[in-house]
Amino acid sequence: MVTAAQPLAYPLSVRHLGPNWYATVMGTAVVATAGAALPSHLPGLRPVLAGVWALASVLLLTLLGARALHWARHRDQARAHLLDAATAPFYGCLAMALLAVGGGALTVGRDVIGVRAAVALDAVLFVAGTALGLAAAVAVPYLMAVRHRVEPGQATPVWLLPLVAPMVSAAVGPPLVPHLPPGQARETLLLGCFALFGLSLLATLVMLPLVFGRLLTGGPLPLALTPTLFLVLGPLGQSTTAVGAFADIAPGVVPAPYSQGFGVLAVLYGVPVMGFALLWFCLATVHVLRARRHGMRFAMTWWSFTFPVGTCVTGAEALGRHTGLVAYEGPAVVLYAVLVVAWGTAAAGTVRGLLRGELLAGPAPAPVAPRPVTARTT
C-alpha cells in the first residue's frame, strides 16, 4: 500500500514517454529567447536568460536519450504513437525543440559557450530540426489520411503541430545568414527560410478552419485538451516573428527592391495577424477559465500555455522594432510576464507529477467486473 511518505505511486518508465514531452524544451527555450529581445532589460536579466537556455539544453539532451531508449526497448509503443491520431502530431515537437534550443544558442547561449560554438550548434540544430520538421509536415498528414481514420469532429489544435515546425525554421534561420559567405549562400538561406514560411503558412490556413469549425459546431474541447487552444497562437506569433527577422536581415542580402519589400511585409502582414492573435488569445483564455470551473486538472497539455505565447512575445517585439510604436512594446512585456507565470506553473505541475509517478504511468487497468449471476429455474 502506498503511503504519503512514498511519493512515487508508480514505477518510472520510459515506455509511456511520448513525443509531447519535447514541449517542455520548447517552452523553456522560448523563455530565454523572448526575454532577450524585450525593449527594456532589467539589470542581471541576461545571465538568468542564459541559465534558462542552458536548462532547455539539458532537458533536450535528457529527452533525446530517453526517447532513444523508448524506441530501443518499447518499439511497439513507439509504433502505436505513430498510428494514434492523438499522439502522432506531437512528432512535430521534436523538430521545434531542436530549433528552439538552436535559436537560443545564438541569442543568449553565446554568453555561455561563445559565439563560434553558438553558431556551430545553431547550424547543426537548424539543419536537423528543419529536416525533421519537413518530414513531420509530410508524414503526419499522410498517416492521418491513410491510417488514422479521423473525422472532422475530432479536429483539435494539436493537428497544427507538425505544420508549424517549418515556420519555426523560418523564424530562427535568418540570424544564421550573416555568418555565411556573402552572395549566393546568404541569399539562398534567406529565401529558403521565406519558402518555409510560405509552406507552413498555407498549410496552417488549410488546417485552421477545421479546428475553428469543430470548436463552433462540436462544442468545447474535452477538459484536458482545452489548453491546446493556445497552440493556434504558435503559427500566428511565429510567422510575425519570421517576417520581422526577414526584414532585419534582407538589406544587403537580396537586391534592393526586395529588401525594402521585406520591411513592408513585416508591418503589413504582422499587424493584422497579431490582431487575430489577440482575438484568439482572449477566446482561448475564456475557454480555459470555463474548463477550470468544470474541474480541469494539470496535464502535459498545460505546456501549450508557454511556447505559443512566447512566439507572440517575439512577434510583438518584431512589430515594435519595425514600427517604433510603444503600442507593441508594452504588450510584449505584459505577454512575457504571462509567459513566465505559465512556464512556472507548467514546470511545477510537471515536477510534481513526476515525483508522484503519475505522468509516466501507463493507463490504469480497467476494473474487473463481477461475473454475471444467473438464477436457476426448475
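Colleague: At which residue does H9 bend by about 30°?
Modeller: This is a predicted model, in which local features need pLDDT (the predictor's confidence in each residue, from 0 to 100) of at least 70 and side-chain atom pairs count only at 80 or more, while totals for chains, interfaces and linings use all residues. Residues are numbered from 1 along each chain as its sequence is written, and side-chain values use heavy atoms, without hydrogens or water. The bend, taken as the angle between axes fitted to the seven residues ending at a position and the seven starting there, is followed within four residues by Pro272, and its own position is Gly270.

Colleague: What distance does H9 reach from its first C-alpha to its last?
Modeller: H9, a helix in the DSSP sense (a run of H or I, at least four residues, numbered from the N terminus), covers residues 256-293, which makes 38 residues. The expected span, 1.5 Å times one less than the number of residues, is 56 Å, and the model comes close to this with 55 Å.

Colleague: Which residue just after H9 takes a positive phi?
Modeller: The helix itself ends at residue 293. Just after H9, a phi of about 100° is taken by Gly295.

Colleague: How many contacts does the stretch 365-378 have beyond near neighbours in sequence?
Modeller: The chain has a mean pLDDT of 89, with 92% of its residues at 70 or more. Residues 1-11 have pLDDT below 50, yet this stretch has 15 contacts (heavy atoms within 4.5 Å) beyond near neighbours in sequence. Over residues 365-378 the pLDDT is also below 50, and there the number of such contacts is 0.

Terms used. Helices (H or I, at least four residues) and strands (E, at least two) are DSSP runs, numbered from the N terminus.
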